[in-house]
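Biologist: Hi, have you got a moment to go through this one with me? I'd like to start with a side-chain pair and work outwards.

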Amino acid sequence: MDYFAQQLINGLTLGSIYGLIAIGYTMVYGIVGMINFAHGEVFMIGAFIALIAILSLFALGITAVPLALLLALVIAMALTGLWGWAIERLAYRPLRNSFRLAPLITAIGMSIALQTFVALTQGARSKPLPPVIRGGFTLSEGDSGFAVSLSYMQIIIIVTTVAVMAAFSYLINSTSLGRAQRACEQDRKMAALCGVNVDRTISLTFVIGAALASVAGLMFLAYYGVIDFFVGFVAGIKAFTAAVLGGIGSLPGAMLGGLLIGLIEVFWAGYFTAQYKDVAAFSILAIVLIFMPSGLLGRPEVEKV
Amino acid sequence: MTDTLQPETSPVTRTLPRAAITADVIKDAGITFLIALLLFGSIVGLRTETVNGVLVLMPQFGKALALAAAVAVGRLLLDVFIWRRMKDGRTFTSLIPSALPILKGAGALAVVFGLALYSIPGFRASLVAGAGTVHGALGAVADLLTFACESTFLVMAAMAIVRAARLIIGQTPEEAVGQGMLRRFTADFGREFPIALLLIALVLPALTAGPSQRYAIDTATQILIYVMLGWGLNIVVGLAGLLDLGYVAFYAVGAYTYALISTQFGWSFWVCLPLAGFFAALWGITLGFPVLRLRGDYLAIVTMAFGEIIRIVLLNWQSLTGGPNGINRIPKLTFFGLPFDRTGEGTFASVFGLKFDPLHRMVFLYYVILALALLTNFITLRLRRLPIGRAWEALREDEIACRSVGINTVTTKLTAFAIGAMFGGFAGSFFAARQGFISPESFTFMESALVLAIVVLGGLGSQLGVVIAAVILIGSAERFRDLEDYRMLIFGLSMVLVMIWRPRGLMSGRTPSAFLKARKNISGSFVKEGRG
Amino acid sequence: MADGASDATRDDLLRVENLTMRFGGLVAVDKLSFTARRGDITAIIGPNGAGKTTFFNCITGFYKPTEGRVALAHGSQAAFEALPAATFGGKQWSKAEGAGAVFLLERMPGFEIARLARVARTFQNIRLFAGMTLLENLLVAQHTVLNAASGYTIGGLLGLASFKRAEAEAIDKAAYWLREIGLIDRADDPAGDLPYGAQRRLEIARAMCTDPVLLCLDEPAAGLNPRESAELNALLLKIREEHALSILLIEHDMGVVMQISDRIAVLDYGQKIAGGTPEEIRADPRVIAAYLGVPDDEVEDVEAEVGL
């Protein structure tokens, strides 16, 4: 039971990170109908920017950890958002109304280019960051000598995720930007006719998605304490899987999918073999899709004959 | 009055707007500079380095500044010379009024260069030696130019031979009248170009000599593997319109089938080859079956997941696959039983009374993969004209209409998966036989993405497009090997640029599978890309 | 066009009993019973949302009806005698081909309905293979025959002479239909390049290339100008005469409906509210009420009048 509780906590932490990245996939898919394959790389860039920001802030003498983390978060969100904007502007906008596979290929190209770019400019070695926040609560001292612990970092990650999600839901459901976004999702042409600035809305979607990915990046960095240029690929694939599992295009679905993938991985690794945790995640995705072809919370696609 | 009237084609449409640097161009470049500075500054400006186990920051703001400046200048130039002048609906090519002379010049240069290369003894050797002394970007660019010139020359020479042969047997190419040298030469391009390529492919090992020969044959073999993979995937993605992101799984199945059977049972390549194809096809059906109901991107992610699952299993099933260490000492290809060994009885060299040369094996491998690729192409072209091929394409165009005319969409999709997978399996077992060593490392998602990129860049459904895209992507990637680090960066960026330039690929459009009066090519804008 | 003399000789082709199709809480087709006779052009009319296309989709296998039976007889209506045995035997058909076969369409997958029961259809929003030529569109429609002739690909791959013959025949047949619809000159152009009216005709030709016994047309005259509508009428009458065909037709263009149909069924709210010859339907107050609607305060009067 203790072991289970521990895995649950770990799974939720990992799932939060996946969920935040997955939102970027799902938002972009919802609005422009493309898989933004470079989104994993955006996450990686977010993590790197956060790392550089933290180190710079420490170097500048801002050593109060909460303040440094908060500042790093703001910096990373802003700059990664800019990266998201630039990627859309450069690689996707010229292909907006074109062939469906074309932006998929540019996204793969972007992904390769960004990975190499970071490897070139930051070096290919992994970057260890000593834990910035240590300690936590011990929830129960198990009889068997196994203690369930909940670290401060895990609390921060889960709380941040909930807060970011709340702010984000408010943004989508109750602001004019959110309305514009939902309108573009339904019918881009009609939205444009009704006076929605489609280009701006799509750009902002990429910016928001990238900013959320950078939040995930910062938390990943702080939680695992190490990143490298390749980290975006694996996390990206997992998050994309999460988005599809939840039903691509559905925002709560992305979060749910993220949590599920995180839990599946952690539990599989905890109870079975760590090597096959990815196989478990992918297999469950395949099985779910076979029975629910549009994911858990996705709108079923009705083919009009 | 009449003399002041403009002719029909008024100079207004002929002359280009003047290139001018105006205030808003400067402003635009300035904004670009600032944005680029923020972007690059955030990643390039401070480099993280581990010193004594501690991560420290090394400022390299100069680099960031230089990159941002380069981007700004690039945009300024594009803005002034291209975009501002494209506003009135001009195409990019019409902006270069002197395109034809440039083309002619380049062609002439290629001819002179090629003739020198093939007629002056020692020219190639000195060129290679010279290139060896230049390192870095300059060397790579020179190398690439050489590659481009030589390929152009070869293609032109082969096309001249094809044309000559056609004239001798009494065929006259269509539209070959008048219109100047170049026009006449390229008339009937669509028919003569593939034959010319085939001609080059057939004599390629004889075209080079000396130290660059091994390199050339090796690169060509590598390209042909990807051509074959591209053709296999083209059936699934290009014809049937099913987006498959896990194609590498079948490549892996083929490779491991050969590796395992040959190391365990000692069966020969030629026995294992059909088996590899069979197992890959079986996997194609097994993986295809559950995903039949899925559409578009759901299909894409599940195929990708399957690809990853297979790789992870290969990585972790140590007892069977050797895990990350892979499988070693896979029997190499023999010449129908005669090994390409340096010593021993009954080797290829001894039987044919030749001096041992590792080149023999390479040339043989090259012809094997060429034969396999040609077989793939032949079967695919044939299938396209059979009911099954037409059903694939109909499936891509409209699945519901397919059902309404009595096509079983389930079996149609599965055959596409199976046959595509089979060719992937063939390519895989060849790969294993060539390398002698395989590990899961060779079968990553990037490989799937690369093959898909070849298919899409070439133009969905186009066999010739796959060849061109594979030559460009794999050939230039090989050429840039000196620049190991920058290779993938350039590779990724050029994927983006080429796609923006030609979203439907280099060879868009399709050739009808049957015709009543005349075979007319169909513009790519009508052809659907499938939703499955 | 209703021909009284031949009425007696026309037996039942399609029997729809108690057909119900629900989507969640919405009942699109409600206990509909309906019969179409062999050789007839039967029109199905009704206001928008009456369930006409849903009814079509149930017949052609694109939807699985929630309840009810859809039976089609090849040969003559005597074949329906095998229906109870097939129904309770859990079979999809009494036998797969030949006269006297009866098919339970609601149990069959869509492609089998086209292939075996030989029910062909067109679509409200035209569904052609846009990137393929006109000829190819018509060859795809002959897939069943050609695929068998190609020895399920193997023989075709080997280049068997019998397949080449079959293909030549298929091309002849396609050419025949292209001439019939007046598009022979555009045989080698992509279907997506055709003007709207021509696309509608091509869709009919494509359906005919599957050798149907029953052709279901979903609003074939939609978007056609009067001249094109008249040509369509002529085409439909001609192919009905020449190819022993029965036609089921959903149409809003009353010009087309009244001129060519032998029988008309009127649907409203998923139910059949009237049926009969064009003359009968024209005079039926229920039909007029369904189409034009009546003011709320007169509903009861009208209902009393029409006996609801």
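Modeller: Happy to! Keep in mind that this is a predicted model. A pair to begin with is B:Arg311 and B:Glu308, whose side chains form a salt bridge with an N to O distance of 3.1 Å.

Biologist: Nice. Which helix do B:Arg311 and B:Glu308 lie in, and how many residues apart are they?

Modeller: Both belong to helix 12 of chain B, which covers residues 296-316. They sit 3 residues apart, about one turn of the helix.

Biologist: And how many salt bridges are there over all chains?

Modeller: The count over all chains is 39.

Biologist: OK, how many of them does the rule find across the interface of chain A and chain B?

Modeller: The rule finds 0 salt bridges across that interface.

Biologist: Huh. So how many residues of each chain are in contact there?

Modeller: On the chain A side there are 67, and they touch 61 residues of chain B. The area buried between the two chains is about 6,000 Å², with carbon and sulfur atoms giving 75% of it.

Biologist: Which residues in chain A lose the most area to chain B?

Modeller: Those are A:Phe99, A:Arg100 and A:Ile105. Together they make up 12% of what the chain A side buries.

Biologist: Let's switch to packing inside chain A. At what angle do helix 3 and helix 8 of chain A pack?

Modeller: Helix 3 (residues 65-92) and helix 8 (residues 198-224) of chain A pack at about 140 degrees, and their axes are 7 Å apart.

Biologist: Why isn't that called roughly antiparallel?

Modeller: Roughly antiparallel needs an angle over 145 degrees, so helix 3 and helix 8 of chain A count as oblique to each other. Their crossing is right-handed.

Biologist: Which residues meet there?

Modeller: From helix 3 of chain A they include A:Gly81, A:Gly84 and A:Trp85, and from helix 8 of chain A they include A:Phe206, A:Ala210 and A:Ser214. By type, the residues of this contact are 13 nonpolar, 5 polar and 1 charged.

Biologist: Great. What about helix 2 and helix 4 of chain A, how do their axes cross?

Modeller: Helix 2 (residues 39-59) and helix 4 (residues 101-122) of chain A cross at roughly 25 degrees, with axes coming within 9 Å. That makes the two helices roughly parallel. Here the crossing is left-handed.

Biologist: And who is touching whom?

Modeller: On helix 2 of chain A, A:Glu41, A:Met44, A:Ile45, A:Phe48 and A:Ile52 take part, and they meet A:Ser111, A:Leu114, A:Gln115, A:Val118 and A:Gln122 of helix 4 of chain A. This contact divides into 6 nonpolar, 3 polar and 1 charged.

Key. Residues are numbered from 1 along each chain as its sequence is written. Chains are lettered from A and ligands numbered from 1 in the order in which they are written. This is a predicted model: local features need pLDDT of at least 70, side-chain atom pairs count only at pLDDT 80 or more; totals for chains, interfaces and linings use all residues. Side-chain values use heavy atoms; hydrogens and water are left out. Axes are lines fitted to C-alpha atoms, for helices over the stretch in contact, and angles run from 0 to 180 degrees between N-to-C directions. Helices (H or I, at least four residues) and strands (E, at least two) are DSSP runs, numbered from the N terminus. Angles under 35 degrees count as roughly parallel, over 145 as roughly antiparallel, 65 to 115 as roughly perpendicular and the rest as oblique. A crossing is left-handed if the near helix is turned anticlockwise from the far one by less than a right angle, and right-handed if clockwise. Contact means heavy atoms within 4.5 Å. Ala, Val, Leu, Ile, Met, Phe, Trp, Tyr, Cys and Pro count as nonpolar, Asp, Glu, Lys and Arg as charged, and the others, Gly among them, as polar. Buried area is the accessible area (1.4 Å probe) that two parts lose on being put together, summed over both. A salt bridge is a side-chain nitrogen of Lys or Arg within 4 Å of a carboxyl oxygen of Asp or Glu.
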